[in-house]
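This report walks through a single protein chain, moving from its nonpolar interior to its charged pairs, its strands and its backbone. The sequence and the structure are shown first.

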Amino acid sequence: MAIGSGLGAQLGISAESTYGTFVAPSKFIEFTKEGLVLKKTTAQSAGIAAGRLLPLSSRRVLTRKEAAGSIDLEIANKGMGLLIQALMGTTVTPVQQGAGPAYLQTHTLATVAGKSLTIQKGVPLTSGTVTDKTFVGCKITSAEFACGVGEMLTGSFEIDGKDCDETQTLATASYSNMAPFHFMQMALKTGSFGTEAALDGIRKVSCKIERPQDVERFYAGQAGLKKEPIENDQVKISGSLESDYVATTLDDLHTSDGATSMVWEFVGPLIASTFFETFRITLPAIRLNEGPPAVDGFGVVKPTFQYEGLFDGTNQPKIEIISTDITL
């Protein structure tokens, strides 16, 4: 029996073959906070009956159901592949690096059609009994990554779901020996694509990737449930670069409105040979919208540059992971 508080909670995920069709969890992720909930739409009869002072309980109907929420977690050296695949869209098979236990995942930006997850959470009662809430048809609509001085790399995923199923059996959670990426492992590089060089003075970086989708596809004959959301706008990539004013590299890009490739990476311990645990976001073209340096006191000038990611005409944004995960 689990502890009767959040200490006994669990979160398991799996990739779905068919949108909204349950697949038992294959991975269990460690999370810091979640907000997945069932959202229901009801209608109440307004019929007038002589002397009736309250609406009839029996005349309230459930007209549609869906799910939504978010998951916050620390980006770890294992078990991140399913979430990143659902965000980026490419179907990924880890590729062995050399002859050792290191495997590379390359998640290139692509359509997210057909990419949905089953997310099962266990919520403990105070008695220690863990209740099952299984969310099917989960599409990731955005994700934001951030890391600053003295911090871990974190991710916040916004999710739209088809339904919440409470009839499934709660899976038994099991966890890999995971470790989070963090500031000591972080580097930010800019320059021409493929030859980016590290920048000095960077204190904090964030990157948000939004996948706009029509999440209102409710039709007759679907029992009040939605069909798979369809992309209905271009991908939006944005973020911020907090820095000390040690050089004019970013300032000059802001002034000229020039484009640069950006590589934000975390390199952890050696896995084998020359392959290290890695989490890397590559944006082949960013442009800076705000952030010219301003002096607001006696201290070091600390500009924050706001950027947006764009298409350079050739290379797509990608997220690369090197880990010991043989499968997602």
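## Nonpolar cores

The largest nonpolar core holds 56 residues, and within it F145, W264 and F279 are the members that touch the most others. A second core, separate from that one, consists of 5 residues, among them A102, L104, I271 and A272. The coordinates behind these statements belong to a predicted model, and the descriptions below should be read with that in mind.

## The chain as a whole

The chain contains 2 helices and 21 strands, and its C-alpha trace extends over about 80 × 50 × 40 Å along the principal axes. Of its 328 residues, 46% count as buried. The accessible surface amounts to about 16,000 Å², and carbon and sulfur atoms contribute 53% of that area.

When contacts with a separation of 6 or more are considered, 70% of them are between residues 24 or more positions apart. Several of the salt bridges described next give concrete cases of pairing between distant parts of the sequence.

## Salt bridges

The count of salt bridges comes to 16. In one of them, the side chains of K226 and E66 meet with an N to O distance of 3.1 Å. Because K226 lies in the loop between β15 (213–214) and β16 (230–231) while E66 belongs to strand β5 (residues 60–74), this pair ties together parts of the chain that are 160 residues apart in sequence. Both K226 and E66 are buried, and both also take part in a network of salt bridges that links R64, E66, D160, E216 and K226.

The loop between β15 and β16 supplies a further partner: E228 forms a salt bridge with K139, at 2.8 Å from N to O. This pair, too, links distant parts of the chain, since E228 sits in that loop and K139 in strand β9 (residues 130–148), 89 residues apart. E228 and K139 are both buried.

A third salt bridge joins K318 and E320, with an N to O distance of 3.8 Å. Here the two residues fall into separate accessibility classes: K318, with a relative accessible area of 24%, is partly exposed, whereas E320, at 12%, counts as buried. The boundary that separates them is the 20% relative accessible area under which a residue is called buried.

## The surroundings of T118

T118 is part of strand β8 (residues 117–124), and because its relative accessibility is 0%, it counts as buried. Its side chain is joined to that of E16 by a polar contact of 2.8 Å. Once the neighbours within four places in sequence are set aside, the residues in contact with T118 are G12, I13, S14, E16, T21, F22, V23, T134, F135 and V136, so that E16, the partner in the polar contact, appears in this list as well.

## Strand β12 and its partners

Side chains in a regular strand alternate between the two faces of the sheet. In strand β12 (residues 186–191), the covered face carries M186, L188 and T190, and the uncovered face carries A187, K189 and G191.

Strand β12 runs antiparallel to strand β18 (residues 260–272), to which it is joined by 6 bridges; in this pairing, the bridge partner of M186 is F266. Strand β12 is also antiparallel to strand β13 (residues 197–198), with 2 bridges between them, and there T190 has A197 as its bridge partner. The strands β12 and β13 form a hairpin with 5 residues between them, and in its turn G194 has a positive phi of about 95°.

## Positive phi outside glycine

Most residues other than glycine have a negative phi. Against that background, A223 deserves a mention, with a positive phi of about 60° in a residue that is not a glycine. A223 is located in the loop between β15 and β16, the loop that also holds K226 and E228; at 75% relative accessibility, A223 counts as exposed, whereas K226 and E228 are buried.

D257, likewise not a glycine, has a positive phi near 60°. D257 is placed in the loop between α2 (249–256) and β18, and with a relative accessibility of 39% it counts as partly exposed.

Definitions and conventions. Residues are numbered from 1 along each chain as its sequence is written. Side-chain values use heavy atoms; hydrogens and water are left out. A salt bridge is a side-chain nitrogen of Lys or Arg within 4 Å of a carboxyl oxygen of Asp or Glu. Helices (H or I, at least four residues) and strands (E, at least two) are DSSP runs, numbered from the N terminus. Buried means under 20% relative accessible area, exposed over 50%, partly exposed in between (1.4 Å probe, protein chains only). A polar contact is a pair of N or O atoms within 3.5 Å; within protein, one must be able to donate a hydrogen and the other to accept it, and residues adjacent in sequence count only if both atoms are side-chain atoms. Contact means heavy atoms within 4.5 Å. A nonpolar core is a set of buried Ala, Val, Leu, Ile, Met, Phe, Trp, Tyr and Cys residues joined through side-chain atoms within 4.5 Å. Two strands pair if DSSP finds at least two bridges between them. Accessible areas come from the Shrake-Rupley method with a 1.4 Å probe; for residues, only the protein chains shown count as cover.
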